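Trainee: Please give me a close look at one part of this structure, the interface between the chains. Then tell me what lies on the elements that build it.

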2 protein chains.
Amino acid sequence: MCVIISLTEENYLKAIYTLSHLFEESEVSTNQISDHLNNKAATVTDMLKRLAEKKLIHYIPYQGVKLTEKGRQTAIKVIRKHRLWEVFLVDKLQFKWDEVHEIAEQLEHINSDELIQRLDKFLGKPKFDPHGDPIPDANGLLNIVKALPLNQHKAKGNFTFVGVCEHSKTFLQHLTSIGLKIGDVIKVEEVNEFDNSFKVKINKNNSQFFSNKVASSILVEVKK
Amino acid sequence: MCVIISLTEENYLKAIYTLSHLFEESEVSTNQISDHLNNKAATVTDMLKRLAEKKLIHYIPYQGVKLTEKGRQTAIKVIRKHRLWEVFLVDKLQFKWDEVHEIAEQLEHINSDELIQRLDKFLGKPKFDPHGDPIPDANGLLNIVKALPLNQHKAKGNFTFVGVCEHSKTFLQHLTSIGLKIGDVIKVEEVNEFDNSFKVKINKNNSQFFSNKVASSILVEVKK
DNA sequence: GGTATAATTTAGACTAGTCTAAAAATTTGT
DNA sequence: ACAAATTTTTAGACTAGTCTAAATTATACC
Ligand SMILES: [Mn+2]
Ligand SMILES: [Mn+2]
Ligand SMILES: [Mn+2]
Ligand SMILES: [Mn+2]
């Protein structure tokens with residue numbers, strides 16, 4: 001009970017959580033973590049030993065790591081805080097969706113359960129952050145997003161834009177510049193076999209093209 | 001330009017700023033800082049050398065320290081953030097005034113000028129925090145509070161309660177329990193020479209007594 | 001003015017978190 | 001199956017921030 005978890009340790013746990021879901025594998029490797037956090041592999045190994053010591057991860061040398069239940073809960077809580085603060089920044093302070101990630105990276109480490117509970121209520125208990133990512137609830141339960149990237153639905157029809165799988169500032173700004181935001185309806189008029197580009201209409205406006213790169217980075221659901 | 005100032009360094013600068021104003025002396029001693037931050041004097045000496053190296057303080061061994069202009073600006077900015085976040089916590093999240101200090105101690109280190117500017121606007125550019133302390137403006141200018149503790153006005157009459165000079169949780173809770181909040185009118189009906197206690201009415205309610213300890217910890221202005 | 005006391009600094013050590021270089025283990029390819 | 005390539009760990013070093021104990025400087029008092 002009540003082991004203190006440092007900011008650095010929180011970031012490692014979050015990285016392990018994210019990577020294990022990114023690659024659909026339960027074991028995460030040392031190099032994956034070192035790439036993700038821009039640290040050297042030797043540094044990661046040191047930290048993995050400390051996290052294992054604290055019972056936050058299962059670690060077998062050379063075999064990779066996975067989170068313990070305690071580690072998972074800690075990671076989820078950091079993600080909950082990150083996403084709630086992003087909602088605050090966009091909804092209450094009128095930041096753009098491409099401006100909030102760096103600030104949320106700092107705010108996610110503020111330690112106060114009461115604060116998060118009240119912030120959640122103040123924001124109207126949102127279910128999704130400004131990028132369409134689901135916000136874990138107070139018990140650590142997370143809606144799994146069943147949406148797929150647009151390019152995996154190789155069919156004409158109407159889709160709803162529900163999130164991004166690429167979070168870079170430049171990509172988010174690009175979506176803004178083509179006038180696409182969460183909740184918009186995308187009508188696929190043609191799928192171009194040659195380069196896998198998509199001819200689409202956004203909310204019944206004029207037609208435009210999505211490159212395969214764009215189509216593979218936006219998550220959509222079939223419109224009901 | 002653009003020297004990175006760590007969270008720890010920010011706390012030292014804030015401590016030096018606070019202590020120099022608390023004792024009305026420009027030079028702050030090593031022991032004062034070590035008491036204030038609950039660090040050992042040797043630790044403080046180490047840090048003072050680092051802060052001097054970064055041109056944030058003027059430091060002459062054995063003589064005490066004072067802030068440079070750059071150090072003062074940094075300290076003021078941290079105080080501005082602390083007090084703005086306290087306003088946010090009380091006004092927007094409905095925290096009580098005795099619950100916000102610890103959380104603001106964390107939030108004051110979040111580093112984003114844009115965030116503070118937008119938070120300030122969102123809160124309606126408040127001039128005072130929930131404890132009546134003035135909030136420095138974006139240029140680092142601070143209204144000096146000219147209010148005195150009630151016990152220094154040894155006279156009957158009407159006063160306005162504008163702030164506290166004691167910030168402990170128990171004291172703030174005590175004021176709440178006797179029904180006193182910022183802005184209330186305090187009518188002094190008697191000053192008791194024997195123990196320097198005060199017979200007062202708050203907002204024309206029933207009379208009660210303030211001990212000298214209470215009277216010396218609340219800041220009031222003569223009611224206009 | 002000289003000594004006792006208090007304040008401050010120095011010296012040396014420790015932890016968390018990082019690095020580079022080298023060693024060891026694992027995986028890959030023939 | 002074994003050598004080469006890759007991954008991971010170990011060893012040793014560094015910085016920031018902290019400590020204790022000892023040395024030094026300042027101050028207070030007679
Ligand atoms: Mn983010
Ligand atoms: Mn997000
Ligand atoms: Mn405070
Ligand atoms: Mn305050």
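Mentor: Start with a term. Buried area is the accessible area, taken with a 1.4 Å probe, that two parts lose on being put together, summed over both. The size of an interface is often given in this way. Keep in mind throughout that this is a predicted model.

On that count, chain A and chain B bury about 1600 Å² between them, and 73% of this lies on carbon and sulfur atoms. Three residues of chain A stand out: A:L93, A:Q106 and A:R118 supply 32% of the area that chain A buries against chain B, more than any other three residues. Counted by contact, 20 residues of chain A meet 20 residues of chain B.

Next, the symmetry. A turn of 180° with a shift of 0.0 Å along the axis lays chain A on chain B with an RMSD of 0.1 Å. The two copies are thus related as by a two-fold rotation axis. The residue of chain A that comes closest to this axis is A:L107, with its C-alpha at 3.8 Å. The interface residues tell a matching story: 100% of those in chain A are also interface residues in chain B, so the copies meet through the same surface.

What holds polar partners across this surface? The count of salt bridges between chain A and chain B is zero. Polar contacts do occur, in six residue pairs across the interface, with both residues at pLDDT 80 or more. As for where the surface comes from, helix 4 (69-92), helix 5 (101-107) and helix 6 (113-122) of chain A each supply at least two residues of the side that touches chain B. Helix 6 of chain A gives the largest share, five residues. Sorted by class, this side of chain A has 11 nonpolar, five polar and four charged residues.

Now to what else lies on these helices. The manganese ion (ligand 1) has as protein donors A:H82 (NE2), A:E86 (OE) and A:H101 (ND1), at 2.0 to 2.2 Å. Along the chain these donors follow the spacing H-x3-E-x14-H. A:H82 lies in helix 4 of chain A and A:H101 in helix 5, so the pair ties together parts that are 19 residues apart in sequence. Helices 4 and 5 of chain A thus appear in both lists: they supply residues to the side that touches chain B, and they carry A:H82 and A:H101.

The second ion of chain A shares a donor with this one. For the manganese ion (ligand 2), the protein donors are A:E86 (OE), A:D129 (OD) and A:H131 (ND1), at 2.1 to 2.3 Å. Their spacing in sequence is E-x42-D-x1-H. A:E86 coordinates both ligand 2 and ligand 1, and the two manganese ions are 3.5 Å apart. A:E86 lies in helix 4 of chain A and A:H131 in the loop between helix 6 and strand 3 (148-149), so this pair ties together parts that are 45 residues apart in sequence.

Chain B can be read in the same terms. The manganese ion (ligand 4) has the protein donors B:E86 (OE), B:D129 (OD) and B:H131 (ND1), lying 2.1 to 2.3 Å away, with the spacing E-x42-D-x1-H. B:E86 coordinates both ligand 4 and ligand 3, manganese ions that are 3.5 Å apart.

Last, a word on salt bridges. The structure holds 25 of them over all chains, against a count of zero between chain A and chain B. One example is the pair A:K66 and A:E27, at 4.0 Å from N to O.

Methods. Residues numbered from 1 in each chain as written. Chains lettered and ligands numbered in written order. Predicted model: local features only at pLDDT ≥ 70, side-chain atom pairs only at ≥ 80, totals over all residues. Heavy atoms only, no water. Least-squares fit on C-alpha atoms with pLDDT ≥ 70 in both. Contact = heavy atoms within 4.5 Å. Salt bridge = Lys/Arg side-chain N within 4 Å of Asp/Glu carboxyl O. Polar contact = N/O pair within 3.5 Å; in protein donor to acceptor, adjacent residues only side chain to side chain. Helix = DSSP H or I, 4+ residues; strand = E, 2+ residues; numbered from the N terminus. Nonpolar A, V, L, I, M, F, W, Y, C, P; charged D, E, K, R; others polar. Donors = N, O, S within 2.8 Å, 3.2 Å for Na, K, Ca; no water.
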